[in-house]
2 protein chains.
Amino acid sequence: MARQAAGKIAAPPLEADDAEIDLGILNDVIGFRIRRIQNHLSRAFLARAERYGVKPGSFSAMALISANPGISQIALSREIGFDKATVVALIDGLERAGWAERRRPPGDRRRYALYATPKGQDVLSDLRAQAIDAEQPIRGALTAVELEQLFGLLDKIYASCFVDLAT
Amino acid sequence: MARQAAGKIAAPPLEADDAEIDLGILNDVIGFRIRRIQNHLSRAFLARAERYGVKPGSFSAMALISANPGISQIALSREIGFDKATVVALIDGLERAGWAERRRPPGDRRRYALYATPKGQDVLSDLRAQAIDAEQPIRGALTAVELEQLFGLLDKIYASCFVDLAT
DNA sequence: TATTGTTATACTCTATAACTATA
DNA sequence: TATAGTTATAGAGTATAACAATA
């Protein structure tokens, strides 16, 4: 509501526009409501992580590799929702940065086993801090109970995305 | 089941396949948890809405135009998070499809006032049904109370994205 | 034949910058 | 000078398809 952002000249006397926009039917569409939040979070995180040179997906990839040492590229691609071909360039970047590495596992010479390097672990730790920091406004606006509710709901919701596969 | 974290001795973990992937620190990152849900919803909706020829943003744009008759392109761009230049092509498409139209309002000949056509209203109604249908698995997995909790949390969360502007 | 990874390619989406016309 | 809209352009991001190596 308070328009005056610090530092600038008097706020442009925009007509009521902004604050009074009606979402209409979008109010009931979960996907829309979630997307605008995700857009904000994404931009806030990327702005903070800029100096690390992270690209969309590389943070997620690093986290998954770190948590699942030896994971294959194809399993990784499924988990982050990218095509396997896209993951190739992603891992190339991680290797160039020295954050992760490919190793040939003894059993199967088709696949690569992915591992995070110590340097990668450090960067990941920093990136996690940036991600949490970017979400601080949200965490600050919710009570501990609400935050717990949120994660519980996200659990249920994500699980529900796959139930129909079994029916 | 949890394989020794990155130990050097740790035997090559045979791929634990999808279901056993550990999210690691991503478990605590709201942005990641939200994004994977949004990805699913987005794809489910686009698959259903394919035959309408909707592009990303056109459903949101139609809903906002319909709920805010006479809205300007620039106000619309702010609301859906696109650049004003991007909105031009978006509205071009909506006009070509006969779903929306630009009118010059009497007061200010710089701006356009956007309106949904009757045909646009009909399509919007269909699209809304598709969106809700795409979300059906989620709605089915949540109780009425949980669904209400969800919308309440989304309200609070989105509002919190802007509070820092006032500080 | 199926699976993992790679390459080459093309397409979609979106922002940026410079411009016009109104105010 | 500031705002609404437009155009042209470039870039990021991603998928698709064909392929090689291995199983």
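A polar contact is taken here as a pair of N or O atoms within 3.5 Å. In the predicted model, such a pair is formed at DNA strand D by A:Asp83, a backbone N or O atom of which lies 2.8 Å from a phosphate oxygen of the strand. Bases of the strand are also approached: the side chain of B:Lys84 places an N or O atom 3.2 Å from a base oxygen, and for the side chain of B:Arg110 the corresponding distance to a base oxygen is 3.1 Å.

In total, 23 residues surround DNA strand D, the closest being A:Asp83, A:Arg109, A:Arg110, B:Gln73 and B:Tyr112. Of the strand atoms that come within 4 Å of the protein, 70% belong to sugar and phosphate. The surface near the strand comprises 10 charged, 8 nonpolar and 5 polar residues. Its largest share, 3 residues, is supplied by α4(B).

The two protein chains meet through 64 residues of chain B and 64 residues of chain A. The area buried between them is about 6,600 Å², with 65% contributed by carbon and sulfur atoms. Across this interface, 8 salt bridges are found, including one between the side chains of B:Asp28 and A:Arg128 at 4.0 Å, N to O. Polar contacts across the interface link 22 residue pairs. On the side of chain B that touches chain A, at least two residues each come from α1 (30-49), α2 (58-67), α3 (73-80), α5 (118-134), α6 (136-141) and α7 (144-163). The largest share, 14 residues, is that of α7(B). By class, this side of chain B contains 35 nonpolar, 11 polar and 18 charged residues.

How values were computed:
Residues are numbered from 1 along each chain as its sequence is written. Chains are lettered from A and ligands numbered from 1 in the order in which they are written. This is a predicted model: local features need pLDDT of at least 70, side-chain atom pairs count only at pLDDT 80 or more; totals for chains, interfaces and linings use all residues. Side-chain values use heavy atoms; hydrogens and water are left out. Contact means heavy atoms within 4.5 Å. Buried area is the accessible area (1.4 Å probe) that two parts lose on being put together, summed over both. A polar contact is a pair of N or O atoms within 3.5 Å; within protein, one must be able to donate a hydrogen and the other to accept it, and residues adjacent in sequence count only if both atoms are side-chain atoms. Helices (H or I, at least four residues) and strands (E, at least two) are DSSP runs, numbered from the N terminus. Ala, Val, Leu, Ile, Met, Phe, Trp, Tyr, Cys and Pro count as nonpolar, Asp, Glu, Lys and Arg as charged, and the others, Gly among them, as polar. A residue is near a molecule or strand if one of its heavy atoms lies within 4 Å of it.
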